[in-house]
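The exercises below concern a protein structure and its side-chain interactions. Please work through each task before reading its solution.

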Amino acid sequence: MILLTRKADFSAAHYYWNEAWTAEENERAFGKCSNRNGHGHNYTLEVTVAGEVDPVSGFVVDLKALKEIIEREVVSVYDHRHLNLEVPEFRQAIPTTENIAIAIWRRLEGKVPGTKLHRVRVYEMPDLFADYLGEA
Ligand SMILES: [Zn+2]
C-alpha cells in the first residue's frame with residue numbers, strides 16, 4: 001500500500017454560532033469568530049488516497065481524475081462562498097476546521113476510482129489544521 005496526497009486551495013467565509021445557545025453564550029465560547037457577518041480564510045486542503053502502484057503506469061491513482069474530483073466535489077462548492085449561508089452541510093454543523101474536514105471526506109468518499117480515501121487534512125491557517133481519517 002502506498003499513500004498519495006494532492007493539495008488544493010479555496011477561500012471561504014464563515015462564523016461560529018450554535019443556535020441552541022444565547023448570543024452571550026456564543027460570544028463567550030467563540031469570541032470574535034461569533035460575529036455573524038463572518039470572516040474569511042484561505043484554506044488549504046490535502047486529500048490522501050491509499051492503494052497499490054499500477055505496475056504498468058507506475059501510478060496509484062489517475063492524477064488528473066483526482067484533481068478533477070477535488071475541484072468538482074469541493075473547490076467549486078466551497079471557493080468564494082460563505083460556508084454557513086451557502087453550503088448545505090453547514091446549515092446544521094458549525095463550519096469549524098474539524099467539521100469542514102469531515103464534510104469534505106463525505107463529499108469525496110467512494111468517488112476516487114481504484115483507491116481508498118485515507119485522510120482529509122484541512123488547514124485553516126498555516127499553524128492550524130484538522131485531520132479526518134473516516135469513522136474509527
Ligand atoms: Zn475563522
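Three exercises with worked solutions follow.

The model is predicted, so local features need pLDDT of at least 70 and side-chain atom pairs count only at pLDDT 80 or more, whereas totals for chains, interfaces and linings use all residues. Residues are numbered from 1 along each chain as its sequence is written, and side-chain values use heavy atoms, with hydrogens and water left out.

**Exercise 1. The nonpolar core**

Determine which residues have the most contacts inside the largest nonpolar core, and which elements supply at least two residues of this core.

Solution. A nonpolar core is a set of buried Ala, Val, Leu, Ile, Met, Phe, Trp, Tyr and Cys residues joined through side-chain atoms within 4.5 Å. Buried means under 20% relative accessible area, exposed over 50%, and partly exposed in between (1.4 Å probe, protein chains only). The largest such core comprises 30 residues, and Phe10, Leu45, Tyr78, Ile100 and Ile104 have the most contacts inside it. At least two core residues come from each of strands S1 (2-14), S2 (39-51), S4 (116-125) and S5 (128-132), and from each of helices H2 (63-78) and H4 (97-108). These elements are DSSP runs numbered from the N terminus (helices H or I, at least four residues; strands E, at least two). Beyond its neighbours within four places in sequence, Ile100 is in contact (heavy atoms within 4.5 Å) with Phe10, Tyr43, Tyr78, Leu83, Phe90, Pro95 and Val122.

**Exercise 2. A salt bridge within a helix**

Describe the salt bridge between Glu68 and Lys64, and state how far apart the two residues lie in helix H2.

Solution. A salt bridge places a side-chain nitrogen of Lys or Arg within 4 Å of a carboxyl oxygen of Asp or Glu; the whole structure has nine. For Glu68 and Lys64, the closest N and O atoms are 3.2 Å apart. The two residues are four apart in helix H2, and therefore separated by about one helical turn. Glu68 is partly exposed at 42% relative accessible area, while Lys64 is exposed at 59%.

**Exercise 3. A salt-bridge network**

Identify the residues that salt bridges with shared partners join into one network.

Solution. Begin with Arg119 and Asp131, whose closest N and O atoms are 3.9 Å apart in a salt bridge. This pair links strand S4 to strand S5 across 12 residues. Arg119 is buried at 19% relative accessibility, and Asp131 is partly exposed at 37%. Next, Asp131 forms a salt bridge with Arg121 at 2.6 Å, N to O. Because Asp131 lies in strand S5 and Arg121 in strand S4, this pair ties together parts 10 residues apart in sequence. Arg121 is buried, at 15%. Finally, the network joins Glu46, Arg119, Arg121 and Asp131.
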